[in-house]
Amino acid sequence: MQPASGDPTRVLNAMTDRQLVEAYAGRQDCRALGVFITRHEAALLSFAAAFLRNDTLAQDIVQETFLRVARNPQRVLQLPGGDACERNWLLKVVRDLSVDSLRRRATERKAAGEIAAIAPATAPPADAVAEA
């Protein structure tokens, strides 16, 4: 069944992922990008949330993934053809950004622990602070 040519939403929904990204890249068709995002957002959020165990951070990671598509749609268009190629690339980006985020958080926690270990040694005694 062919989509009605007068209904842009039906036309966009019938397009492949590659066609949607091509429409966005070529004509800056934001509706096409919106359909692409809507098509993949739930799966990416689920994957990121399970990986990170943090819904807020997962939302940030997925948003950054889609920003990368919006900023450089040619990167997606350079992928080899085939079913699910775009989704696999999106999942890889989410995974890579998630790993980077976890590493950054671990480094921050380690640095905070080192600062906390130093702070008691250099802080004045509690009774000296109370007298001041």
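**Why the labels fit**

Me: Why is Arg-71 called exposed?

Reply: Arg-71 has a relative accessibility of 58%, and the label "exposed" starts over 50%, so Arg-71 counts as exposed. One caveat up front: this is a predicted model. Arg-71 sits in helix H4.

Me: How far apart are Arg-71 and Ala-25, in sequence and in space?

Reply: The pair is 46 residues apart in sequence, and the C-alpha to C-alpha distance is 9.5 Å.

Me: What is the chain built from, going from the N terminus on?

Reply: The elements run α-α-α-α-α-α-α. That's 7 helices and 0 strands.

Me: How much of the chain counts as buried?

Reply: Buried residues make up 28% of the 132 residues. As for contacts, take those between residues at least 6 apart in sequence: 54% of them join residues at least 24 apart.

Me: Which residues of H2 are buried?

Reply: Helix H2 covers residues 17-27, and its buried residues are Asp-17, Leu-20, Val-21, Ala-23 and Tyr-24.

Me: How do you know whether they lie on the same side of H2?

Reply: Look at the arc around the axis: they cover only 155°, which puts them on the same side of H2. The face turned away from that buried side carries Gly-26 and Arg-27, both exposed.

Me: What is special about the backbone of Gln-28?

Reply: Gln-28 isn't a glycine, yet its phi is positive, about 50°. Gln-28 comes just after H2, in the loop between H2 and H3.

Me: Why is Gln-28 called partly exposed?

Reply: Its relative accessibility is 48%. Buried needs under 20% and exposed needs over 50%, with partly exposed in between, so Gln-28 gets the middle label.

Me: And Asp-29, buried or exposed?

Reply: Asp-29 comes in at 11%, and the cut-off for buried is under 20%, so Asp-29 is buried. Asp-29 also belongs to the loop between H2 and H3. Leaving out residues up to four places away in sequence, Asp-29 touches Leu-12, Ala-23 and Tyr-24.

Me: What about Arg-53, where is it found?

Reply: Arg-53 is found in the loop between H3 and H4. Its phi is near 55°, a positive value in a residue other than glycine. At 76% relative accessible area, Arg-53 is above the 50% limit, so "exposed" is the right word for Arg-53.

Me: How do you know how many disulfides there are?

Reply: A pair counts if the cysteine sulfur atoms are within 2.5 Å, and by this rule the count comes to 0. Two of the cysteines get these labels: Cys-30 is exposed at 55%, whereas Cys-85 is buried at 14%.

Me: What makes up the largest nonpolar core?

Reply: That core has 29 residues, and those with the most contacts inside it are Leu-20, Phe-36, Val-69, Trp-89 and Leu-90. The elements giving two or more residues to it are H2, H3 (30-52), H4 (55-71), H5 (73-77) and H6 (85-122). H3 gives the most, with 8 residues. In soluble globular proteins, nonpolar side chains tend to be buried together.

Me: What does Phe-36 touch?

Reply: Not counting residues up to four places away in sequence, Phe-36 touches Asp-17, Leu-20, Val-21, Phe-66, Val-69, Glu-86 and Leu-90.

Me: How do H2 and H3 pack?

Reply: Their axes are 7 Å apart and the angle is about 145°. The crossing of H2 and H3 is left-handed. Residues making the contact include Leu-20, Val-21 and Tyr-24 of H2 and Cys-30, Leu-33 and Phe-36 of H3.

Me: And what are the values for H3 and H4?

Reply: H3 and H4 pack at about 140°, with axes 8 Å apart. The crossing of H3 and H4 is right-handed. Among the contact residues are Phe-36, Ile-37, Leu-44 and Leu-52 of H3, plus Ile-61, Val-62, Phe-66 and Val-69 of H4.

Conventions:
Residues are numbered from 1 along each chain as its sequence is written. This is a predicted model: local features need pLDDT of at least 70, side-chain atom pairs count only at pLDDT 80 or more; totals for chains, interfaces and linings use all residues. Side-chain values use heavy atoms; hydrogens and water are left out. Buried means under 20% relative accessible area, exposed over 50%, partly exposed in between (1.4 Å probe, protein chains only). Helices (H or I, at least four residues) and strands (E, at least two) are DSSP runs, numbered from the N terminus. The arc is that of the directions from the helix axis to the C-beta atoms. A nonpolar core is a set of buried Ala, Val, Leu, Ile, Met, Phe, Trp, Tyr and Cys residues joined through side-chain atoms within 4.5 Å. Contact means heavy atoms within 4.5 Å. Axes are lines fitted to C-alpha atoms, for helices over the stretch in contact, and angles run from 0 to 180 degrees between N-to-C directions. A crossing is left-handed if the near helix is turned anticlockwise from the far one by less than a right angle, and right-handed if clockwise.
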